[in-house]
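Trainee: I should like a close look at the enclosed empty space in this model, and at what surrounds it.

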Amino acid sequence: MRIDLTAKVALVTGGSSGIGFAIAKQLTECGAAVAITGRTRDTIDSAASSIGGGCLPIVADVTQADEMDAAVQRIGETLGGLHIVVANAGVGANAPLGEIDDQKFEKVVGTNLKGVLNTVQSALPMLGHGASIVLMGSTGSFEAPSTMSVYGATKAGMRAFAKTWIKDIKGRGIRINVVSPGAIDTPSLRDALGSDGDSAIDALNERSPIGRIGTPEEVANVVAFFASDSASYINGEELYVDGGLKV
Ligand SMILES: NC(=O)c1ccc[n+]([C@@H]2O[C@H](COP(=O)([O-])OP(=O)(O)OC[C@H]3O[C@@H](n4cnc5c(N)ncnc54)[C@H](OP(=O)(O)O)[C@@H]3O)[C@@H](O)[C@H]2O)c1
């Protein structure tokens, strides 16, 4: 099966790095016209030029509803519509219970929950029958690793969003699914592991039933499938892309 996204327009939030970058590249290779967003002009511009295929870079912070409204309007004017939304931008901030301060809480909840809500609500008026929305979850919502309670709660929120929203928009023919990766080798994972990076990656490899952590491209392949008409009857689902870790 070849995934064909010709004539589709896609928005990937957080498309300048890691998983979002790989998704934007994959959707472009499948034929979609792709817009990526991020907060930093330089990184978003250079990501768009290495993705190629006319990728449209837009500076927009998902925590700001007006910036997401403007981003969607620009996509409509420049690319002529919107059919695929990948709400990928997300952040973490580790802290054990008792040390979760307002700043960490607001950052993680603001980006991962409100940011996804802003992205989907801004896009919704432009989406028609056959559109696909993919929310980026995480096995962190299931595994409950220590110090990651707020992150895990926001990612569990993706399940609640998807399952509720498909009922809210019943009859519009728009699908919403969640893709939940395990540990994926990206800049944010390396940052989170800090100076112990290599030995921590060895430990993650060891824990994995498949013997290694994942690549951004392995997540992007699944997102491309959910985005495509090949997944036309899959709605409100969550798929773990974790090499079997959850089992
Ligand atoms: N890596 C993993 O192991 C893993 C596992 C499970 C789930 N995930 C999820 O996958 C997604 C991507 O993670 P990643 O590892 O690829 O992260 P990453 O490499 O750090 O990339 C994050 C992207 O999001 C953008 N971003 C961050 N805050 C933003 C905001 N407020 N508004 C707009 N863009 C924003 C960043 O650009 P700017 O900073 O320039 O804005 C960047 O493009 C996240 O939702 C994460 O929770 C990752």
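Trainee: How many cavities of 30 Å³ or more does the structure hold?

Mentor: The structure holds one cavity of 30 Å³ or more. The model is predicted, so local features need pLDDT of at least 70 and side-chain atom pairs pLDDT 80 or more, whereas totals for chains, interfaces and linings use all residues. Residues are numbered from 1 along each chain as its sequence is written, and side-chain values use heavy atoms, without hydrogens or water.

A cavity is a set of points, on a 1 Å grid over the protein atoms alone, where a 1.4 Å probe fits but cannot get out; lining residues have an atom within 4 Å of a point. The largest cavity encloses about 60 Å³, a volume being the space filled by probe spheres set on the points. Its lining consists of Ala-93, Ala-95, Ile-100, Lys-104, Phe-105, Val-108, Thr-147, Met-148, Ser-149, Val-150 and Tyr-151. Helices H4 (102-123) and H6 (149-168) each give two or more residues to this lining, a helix being a DSSP run (H or I) of at least four residues. By character, the lining has eight nonpolar residues, two polar and one charged. Lys-104 is the charged member, since Lys counts as charged.

For context, the largest nonpolar core has 33 residues, among which Ile-23, Leu-27 and Ile-36 touch the most other members. Such a core joins buried nonpolar residues (under 20% relative accessible area, 1.4 Å probe, protein chains only) through side-chain atoms within 4.5 Å. Helix H9 gives the most to this core, with seven residues. A second, separate core of 30 residues includes Val-120, Leu-127, Ile-133 and Ile-174.

Key:
Buried means under 20% relative accessible area, exposed over 50%, partly exposed in between (1.4 Å probe, protein chains only). On a 1 Å grid over the protein atoms alone, a cavity is a set of points where a 1.4 Å probe fits but cannot get out, and a pocket is an open set with protein on both sides within 12 Å along at least five of seven lines; lining residues have an atom within 4 Å of a point.
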